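Visitor: Please show me the model, and then we can go through its surface, its charged pairs and its core.

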Amino acid sequence: MSVRRLAELSEVSNPYLSQIERGLRKPSAEILQQIARALRISAEQLYVRAGILDPDEATALSVPDAINLDPRLSAEQKTSLLTIYESFVGSK
């Protein structure tokens with residue numbers, strides 16, 4: 001996903017995301033939550049993937065995380081499953 005697309009989905013400015021990516025800014029928990037939501041993963045999984053949190057310290061995966069991490073599913077299948085799941089439980 002491009003930084004521009006992530007900026008659109010997360011409602012965080014493109015320049016700010018670029019600064020985070022280059023290590024010039026430290027995002028707040030709220031910004032990280034917006035980024036995680038746009039990526040359709042939990043903030044905790046974002047921390048694990050970024051190397052901030054040890055995977056052994058992380059709790060069980062959420063359903064969206066499990067869907068996103070399943071290598072057997074195509075991107076289209078993941079999107080469909082996430083849409084269906086969110087229709088049942090609601091999105092945050």
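Visitor: Which residues make the nonpolar surface patch of about 280 Å²?

Guide: This is a predicted model, in which local features need pLDDT of at least 70, side-chain atom pairs count only at pLDDT 80 or more, and totals for chains, interfaces and linings use all residues. Residues are numbered from 1 along each chain as its sequence is written, and side-chain values use heavy atoms, with hydrogens and water left out. A patch takes residues with over 30% relative accessible area and no salt bridge, joining like charges within 9 Å and nonpolar side chains (Val, Leu, Ile, Met, Phe, Trp, Tyr) within 5 Å; areas come from the Shrake-Rupley method with a 1.4 Å probe, and for residues only the protein chains shown count as cover. The patch of about 280 Å² is made by Met1, Leu9 and Leu39.

Visitor: Is Leu9 buried, partly exposed or exposed?

Guide: Buried means under 20% relative accessible area, exposed over 50%, and partly exposed in between (1.4 Å probe, protein chains only). Leu9 lies in helix α1, where helices are DSSP runs (H or I, at least four residues) numbered from the N terminus. Its relative accessible area is 36%, so Leu9 is partly exposed.

Visitor: How far apart in space are Leu9 and Leu39, C-alpha to C-alpha?

Guide: Leaving aside neighbours within four places in sequence, Leu9 is in contact (heavy atoms within 4.5 Å) with Met1 and Ala38. Leu9 and Leu39 are 30 residues apart in sequence, and their C-alpha distance is 8.2 Å.

Visitor: How many salt bridges are there?

Guide: Side chains of opposite charge can pair when their charged atoms come close. The rule asks for a side-chain nitrogen of Lys or Arg within 4 Å of a carboxyl oxygen of Asp or Glu. By this rule the count is three.

Visitor: Which salt bridge ties together parts that are 46 residues apart in sequence?

Guide: Glu8 and Arg5, paired at 3.1 Å, N to O, both lie in helix α1, three residues apart. Another pair, at 3.7 Å, is Glu86 and Arg40. Glu86 lies in helix α6 (residues 75-89) and Arg40 in the loop between α3 and α4, so the pair that ties together parts 46 residues apart is Glu86 and Arg40.

Visitor: In the salt bridge of Asp70 with Arg72, how far apart are the closest N and O atoms?

Guide: Asp70 is buried, with a relative accessible area of 15%, whereas Arg72 is exposed, at 70%. In their salt bridge the closest N and O atoms are apart by 2.7 Å.

Visitor: Which element gives the largest share of the largest nonpolar core?

Guide: A nonpolar core is a set of buried Ala, Val, Leu, Ile, Met, Phe, Trp, Tyr and Cys residues joined through side-chain atoms within 4.5 Å. The largest one has 13 residues, and Leu6, Leu17 and Ile35 are among those that touch the most other members. Two or more residues come from each of α1 (3-10), α2 (14-21), α3 (29-39) and α4 (43-49). The largest share, five residues, comes from α3.

Visitor: What covers the buried residues of α2?

Guide: Those buried residues are Leu17, Ser18 and Ile20. They cover an arc of only 160 degrees around the axis (taken from the directions from the helix axis to the C-beta atoms), which puts them on the same side of α2. The cover includes α1 and α3.
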